[in-house]
Amino acid sequence: MSGVEDRTVLILVDLQKAIELPYWGRRNNPSAEARIGQLLQSWRMAGRPVVHVRHDSTHPESGYRPGQPGNDFLPAFIPLPGEHVEAKRTNSAFIGTNLEEWLRTAGASQIVITGVSTSNSVEATVRMAGNLGFDCLLAADACWTFDKKLWAGRTVPAEDVHALSLANLDGEYARVVDTAWLIRNLAIDFHPMKSTHRSHHDMGGVEPFRSAPIDRTDHDLSQFDKQVDALMNLLSHPSRRLVRVDELRNAIESLPPDRYDDLAYYEKWIHAIAEVLVHKDVIGEEELVLKLAEIKEAGG
């Protein structure tokens, strides 16, 4: 099986608050959100493109209808600046949208699909993707569905509905894989920690980057800021010397301009810590991604 290509796009389908409304009934795969979070974290760390599909239902009784809370993205899957959002009104993300055009323009021939529900919008989107010629990877453990009542009255458990959808799609419209395989085959592109020129953010005194007066007003640090600061001090302490401050600064200077501008001060430092530790083989890329997702899931 071929791996994950450099321009592979991660597509998250209908991960909005409406999916948590009680009228959906019993679901399967309670770990799906955690798996999706791992994939999203991996794609962001690798600097790969992400698409968030938002369902704007036209049905009056739907919780996905615009103008109500259910239309909002789930907190764990709110798009970051620069991540593409595609609004749809049918079950397929390719019908009545610009998704195909966006993918072609981005040069993406391979996509990874996650989200809800396996037997509805995910399946409809995968079928269309396959028919359009995309190499579609469907993350089996990063989607879920619900119990289905048949016309004859019998209710099929969500686990069986999910499994049948995957079986129908695998080999015909997509390749069914799992989160671990995707992360294992996704090469996280850390930037080389060497700089022979003045970087985007190191242009003080040069127009139009002339520095402004420093604001030395005291301000409270967030809990995240304090934790990052403590982590830097711990790792760079002379008794350990796992990282040097100059290595961390070099990693920050290796950030491309758009990433540098998007990240807050302590976010830049946590990126640098991760890059240096991976570069020194203190921790593996896959292990780092999984651990970060685990911490996020636990509310850390």
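## Salt bridges, worked step by step

R104 and E100 form a salt bridge in this predicted model, and their closest N and O atoms are 3.3 Å apart. Let's start with this pair.

**Exercise 1.** Work out how R104 and E100 are placed relative to each other in helix α2.

*Solution.*
- Step 1: Find helix α2, which covers residues 99–105.
- Step 2: R104 and E100 are four residues apart in this helix, so about one helical turn separates them.
- Step 3: Look at the surface. R104 has 41% relative accessibility and is partly exposed, while E100, at 30%, is partly exposed.

Elsewhere, salt bridges with shared partners connect R26, D147 and E159 in one network.

**Exercise 2.** Decide whether R44 is buried or exposed, then do the same for E83.

*Solution.*
- Step 1: Recall the cut-off: buried means under 20% relative accessible area.
- Step 2: R44 has 19%, so R44 is buried.
- Step 3: E83 has 15%, so E83 is buried.
- Step 4: Now check the pairing. R44 and E83 form a salt bridge, with their closest N and O atoms 2.7 Å apart.
- Step 5: This pair links distant parts of the chain, 39 residues apart: R44 lies in helix α1 (residues 32–46), and E83 in the loop between β2 (50–55) and β3 (84–88).

**Exercise 3.** Find the distance between the closest N and O atoms of E33 and R27, and describe how accessible E33 and R27 are.

*Solution.*
- Step 1: The closest N and O atoms of this salt bridge are 2.8 Å apart.
- Step 2: E33 is partly exposed at 23% relative accessible area.
- Step 3: R27 is partly exposed at 26%.

**Exercise 4.** State how many salt bridges the structure holds.

*Solution.* The structure holds nine salt bridges.

Methods
Residues numbered from 1 in each chain as written. Predicted model: local features only at pLDDT ≥ 70, side-chain atom pairs only at ≥ 80, totals over all residues. Heavy atoms only, no water. Salt bridge = Lys/Arg side-chain N within 4 Å of Asp/Glu carboxyl O. Buried < 20%, exposed > 50% of the residue type's maximum accessible area, 1.4 Å probe, protein only. Helix = DSSP H or I, 4+ residues; strand = E, 2+ residues; numbered from the N terminus.
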